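Open your viewer and keep the selection tool at hand. This tour goes from one stop to the next.

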Amino acid sequence: MLKATAEGELDLNNRTRTSDRLTLHHCINVRNLGSGQTMGEVVNLTPQGLMLVSDEAIAGNTIYQVEFVLPQPILSLSHIELGIECLWCRQADTSDRYWSGHQIIDASVEAQAAVRELLRQEFDRAGSQATG
């Protein structure tokens, strides 16, 4: 996975996980910009990567240009465009769905900021539910 630089940008040369995964509490669909098809839904997210659940297997060791279709704007963005690499894909144990792990390999400064803000909002929501 990727580490952030001192300036807060993702260091695309570092591949060690530095963040705990955060499970999302609302649905964010991920669309493949190459095909226009929905790839799946984000299950959990870090600044460096994500896990998807999907109806079809996703090819591992493959790079995709995708967008998160946001349920509400974040930092005035209705979607977040990212370059991701699928590292693995497995069939879920109890259904005809698939889990897949992806590393974020390309993101604009705006996309990085939106991912950080999405994580902050989800962290705040999780914290308020735990104390409420």
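In which strand is N32 found? Select N32 and look: the residue is found in strand β4. Keep in mind that this is a predicted model.

**Stop one: N32.** Is N32 buried or exposed? N32 counts as buried because its relative accessibility is 14%, under the 20% cut-off. Now show what surrounds N32. Beyond residues up to four places away in sequence, N32 touches Q37, M39, Y64, Q65 and V66.

**Stop two: V30.** Stay in strand β4, which covers residues 29–32, and select V30. V30 has 0% relative accessibility, so V30 counts as buried. Next, select F68. V30 and F68 are 38 residues apart along the chain. Their C-alpha atoms are separated by 4.7 Å. F68 is also one of the contacts of V30. Leaving aside neighbours within four places in sequence, the others are Q37, T38, M39, G40, V42, L52, V66 and E67.

**Stop three: the core.** Select V42, L45, L50, F68, I80 and L82 together. These have the most contacts inside the largest nonpolar core, which has 25 residues. Which elements give two or more residues to this core? Colour strands β5 (38–45), β6 (49–54), β7 (62–74), β8 (77–91) and β9 (98–107), then helix α1 (109–131).

**Stop four: L50.** Zoom in on L50, one of those core residues. Outside its neighbours within four places in sequence, L50 is in contact with V42, N44, L45, F68 and I84. Add S100, G101, H102 and I104 to complete the set around L50.

Conventions: Residues are numbered from 1 along each chain as its sequence is written. This is a predicted model: local features need pLDDT of at least 70, side-chain atom pairs count only at pLDDT 80 or more; totals for chains, interfaces and linings use all residues. Side-chain values use heavy atoms; hydrogens and water are left out. A nonpolar core is a set of buried Ala, Val, Leu, Ile, Met, Phe, Trp, Tyr and Cys residues joined through side-chain atoms within 4.5 Å. Buried means under 20% relative accessible area, exposed over 50%, partly exposed in between (1.4 Å probe, protein chains only). Helices (H or I, at least four residues) and strands (E, at least two) are DSSP runs, numbered from the N terminus. Contact means heavy atoms within 4.5 Å.
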